Amino acid sequence: MSFGDDIKAVIESNRAPFDWVDEGKVILDKSNNILTYDDHSIVCNISAKSLKKLWESDGDRGLLAMNLRYYIKSANIDNKIEESIMNDHKDFWYLNNGIIIVCNDYKVVGGEVRLKEFSIVNGGQTSRMIGTIPFNDDFYISCKIIKNVFETPQEKNAFIAKVAEASNTQKPIKAKDIIANRIEQRNLKTLLSEHKVFIEIKRGEKCNREQYPEAWQRTKNNELAQDLYAFVYMEPGPARNSVSSMLSNEEKYNVIFKEHEYDFEFLRDILFLEKAYKEYQKKVNKESDGSGDSATKKGLVKNGLWYCLGTIGYLLKLIYNKEYRSNMQQYRYQESKYKLFSSELAFNHGFIDRKLSYNDFRKKAFSLFDLVFSQLIIYQFNIAKGNSPSIAYSNWTKSNTGFENIRTTINVIIFDNKQTYLLDAVSQYFIQIDEETENANIDRYVDYCKKNKKIKAKDNQGNELSENDEALRNELMIFRLNYSNAKHIPQKNIYTDKMIERMVYEKPITDIELKKIISGVTFYYIGKDILDIILKYS
C-alpha cells in the first residue's frame, strides 16, 4: 500500500535539485535572544515547530542542498533522535548538537529570524527527524546562522565547503560525504549538468531517470574517480580495491580532481566505455562453453573493469601523443621516471566518434573488450596462475602487479619488437586526430615534462647519480626485466628497486657483499651474472 506521504516522497525525490531555499524563517525561544559574531553571524535557539514547517515546505527543495549529504537512513542514529523527540523533548537541547545554517542574508525581527537563500550545512539528520516525526509540545534546539559575506560564486562555494566539511568531520560519515561540497565537485556537477549528465556528488541525491534515460548519463563522483584513476593515472588495482582512499587521501584526491581539468567530451567517452563494459559483463556472464578458458574469461571480465580501462587508456595515450610514446620508450626501464610520466594526462579530448550514439558504440565496444582480454589480460593472468596456482581473479585485479606486466608486454611488442598490430587494432574503434590536435597534445604534455624532468635519479644519500651509475642502474633494470620475461617471474621477486639502489651505491664485487643485498635464491641462480654487470661499471 502507498500512502500520501509515500507518493509525495517519490515525486519530490525526482524533482531537479535546488541550490538553496529562497526565503523562510525560524522562531526564537525569546525575542532577540541571540549571540552575535562579527556583525554578520549569530547563535540562537530556534523552535522545533518552525524547523518542522521548513522541512514540510522545503525539505526536498534546497533545505539540505549545501549539506554534505541528503538524508541517509541509519537506524542507530534515527532511533536515538526519535526517542529524544518523543520522550525527552524538554532535554533535546542538551542531547543534540543542533544545526548550522548558511545563508546569503538574514534579519532578526522581534522573535524570529528571516532567512534568504539559505541551506542547512550541518544537522540534516536532526532536521529530517524533527520534520517527519509528529509531536505536540514545542521544544528548542541550538542553531548557528552564518551569513556568507563573500562576493563571487567561487568564493561563496569555497566558504560553504569549509564550513560544511569542518562541522561534519566529527560525525560518522564517509569520505564521499566530506568532499561533496568542495568547489571542484560542484564545478564538475555543473559541467556535466550542462551536457545533460547527472552525477551524484552527495549520498542520497536522487536522479530523475526520465531526464537522464541512458546509462552513460548517470554516474557518481566515486565511480568517475575510479574510472579516471585507472584510465588516466594507470592505477586500476587501487581503483578497484581502495575507492575510499582515493577520496579521503588528499594526494590521490588532488591528482584526480584538482590538478587537471577535464573536457566534457573526454569524460563523456570514459563514461561510454565504463557503461558499455558493464553491458559486456552481462553478455560474457551468459556465455559458457564449459571449458576452462571460458571460466577464466568470465572470472576476469567480472573483476576486470578497471584493468580493461587502464589498458585501453595506456594504448590511447601511445596512439594520440608522440612525445608521450617517446618518453615511455625512453623511461620504460627507469621505474621512478616511468611511473611519473606514464600517469600524466597525455590527451584531453573526445576519442569516440561523435556520430555514434551510445548504443552504436556499445555494439562495437564488445569486440574491443574481447581484443583486450584475449591479447593481454587473460595472457598475463595465465602466467601469474602458473607461478601461483591458487591465485584468484578478484585478488589479481586488486593490485597493480598484473597490470604492470600487461604494460610491459605492450612495451615489448611496440618498442622492442617494433610491431604495430596492437595499436592498429585498437585505433579502429576510436577517432583519428588531425595534426593541430596532435600538436596541442604534445605541447601540453611537453610543458608538464619540462616542469618534472628536473627530477633526476639519486642515490640513497640524495645525490644525483653520475652517468656511469645511471648506466649501471639501467642495465640492472633491463637484466631484471629480461629475466622476468624469460622465467615468468615477477620483477620484484628477482630484486627490488631499493636493492638496485644499494647495488649502484655500494657496487658489491664479491659474493659475500652481494648476498647482503639480494635474496639467497636470486644469488644462487643469477648472482654471477649480476656481479659481471657491476664489475663493468666499477
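The paragraphs below lead through this predicted model, from the chain as a whole to its strands, its surface, its charged pairs and its cysteines.

The protein chain has 538 residues, of which 50% count as buried, and its secondary structure comes to 27 helices and eight strands. Taken along the principal axes, the C-alpha atoms fill a box of roughly 90 × 55 × 50 Å. When contacts between residues at least 6 apart in sequence are considered, 73% of them join residues at least 24 apart. The chain exposes about 26,900 Å² of surface, and carbon and sulfur atoms supply 49% of that area.

A convenient place to enter the fold is the N-terminal run of strands. Lys-30 lies in the loop between β1 (21–27) and β2, and with a relative accessible area of 56% this lysine is exposed. Its C-alpha atom is separated by 24 Å from that of Asn-104, a residue 74 positions away along the chain. Beyond the loop that holds Lys-30, strand β2 (residues 34–37) runs antiparallel to strand β3 (residues 41–47), and four bridges join the two. One point of this pairing can be followed at Leu-35, whose bridge partner in β3 is Val-43. The hairpin formed by β2 and β3 has three residues between the strands, and there Asp-38 takes a positive phi near 60°.

From the hairpin the description moves to the surface, where Trp-93, Tyr-94, Leu-95 and Tyr-140 form a nonpolar patch whose accessible area is about 470 Å² together. Which element gives the most to this nonpolar patch? It is helix α4 (residues 92–95), with three residues. Tyr-140, by contrast, is found in strand β6 (residues 140–147). The relative accessibility of Tyr-140 is 31%, so this tyrosine counts as partly exposed, and it also passes the requirement of over 30% for membership in a patch.

Strand β6 returns in the account of the charged side chains, for which the count comes to 22 salt bridges. In one of the pairs, the side chains of Asp-105 and Lys-147 meet with an N to O distance of 3.4 Å. This pair links distant parts of the chain, since Asp-105 belongs to strand β4 (residues 99–109) and Lys-147 to strand β6, 42 residues apart. Asp-105 is partly exposed, with a relative accessible area of 33%, and Lys-147 is likewise partly exposed, at 26%.

A further salt bridge brings together the side chains of Arg-182 and Glu-250, with 3.0 Å from N to O. Here too the pair links distant parts of the chain, with Arg-182 in the loop between α7 (175–178) and α8 (183–194) and Glu-250 in helix α12 (residues 250–258), 68 residues apart. Are the two partners buried or exposed? Arg-182, at 11% relative accessibility, counts as buried, whereas Glu-250 is partly exposed, with a relative accessible area of 40%.

Another salt bridge is found within a single helix, where Lys-278 pairs with Glu-274 and the closest N and O atoms are 2.9 Å apart. Because they stand four residues apart in helix α13 (residues 264–286), Lys-278 and Glu-274 are separated by about one helical turn. The lysine of this pair, Lys-278, is partly exposed, with a relative accessible area of 30%, while Glu-274 is buried, its relative accessible area being 1%. Elsewhere, salt bridges that share partners join Glu-265, Arg-268, Asp-269 and Arg-354 into one network.

The cysteines remain to be considered, and for them the count comes to zero disulfides. Why does Cys-103 form no such bond with Cys-143, which holds the closest cysteine sulfur? The sulfur of Cys-103 is 9.5 Å from the sulfur of Cys-143 and is therefore too far away for a bond, given that a disulfide requires the two sulfur atoms to lie within 2.5 Å. Cys-103 counts as buried, at 1% relative accessibility.

Definitions and conventions: Residues numbered from 1 in each chain as written. Predicted model: local features only at pLDDT ≥ 70, side-chain atom pairs only at ≥ 80, totals over all residues. Heavy atoms only, no water. Buried < 20%, exposed > 50% of the residue type's maximum accessible area, 1.4 Å probe, protein only. Pairing = 2+ DSSP bridges. Patch = residues over 30% accessible without salt bridge, like charges linked within 9 Å, V, L, I, M, F, W, Y side chains within 5 Å. Areas by Shrake-Rupley, 256 points an atom, 1.4 Å probe, with all protein chains shown as cover. Salt bridge = Lys/Arg side-chain N within 4 Å of Asp/Glu carboxyl O. Contact = heavy atoms within 4.5 Å.
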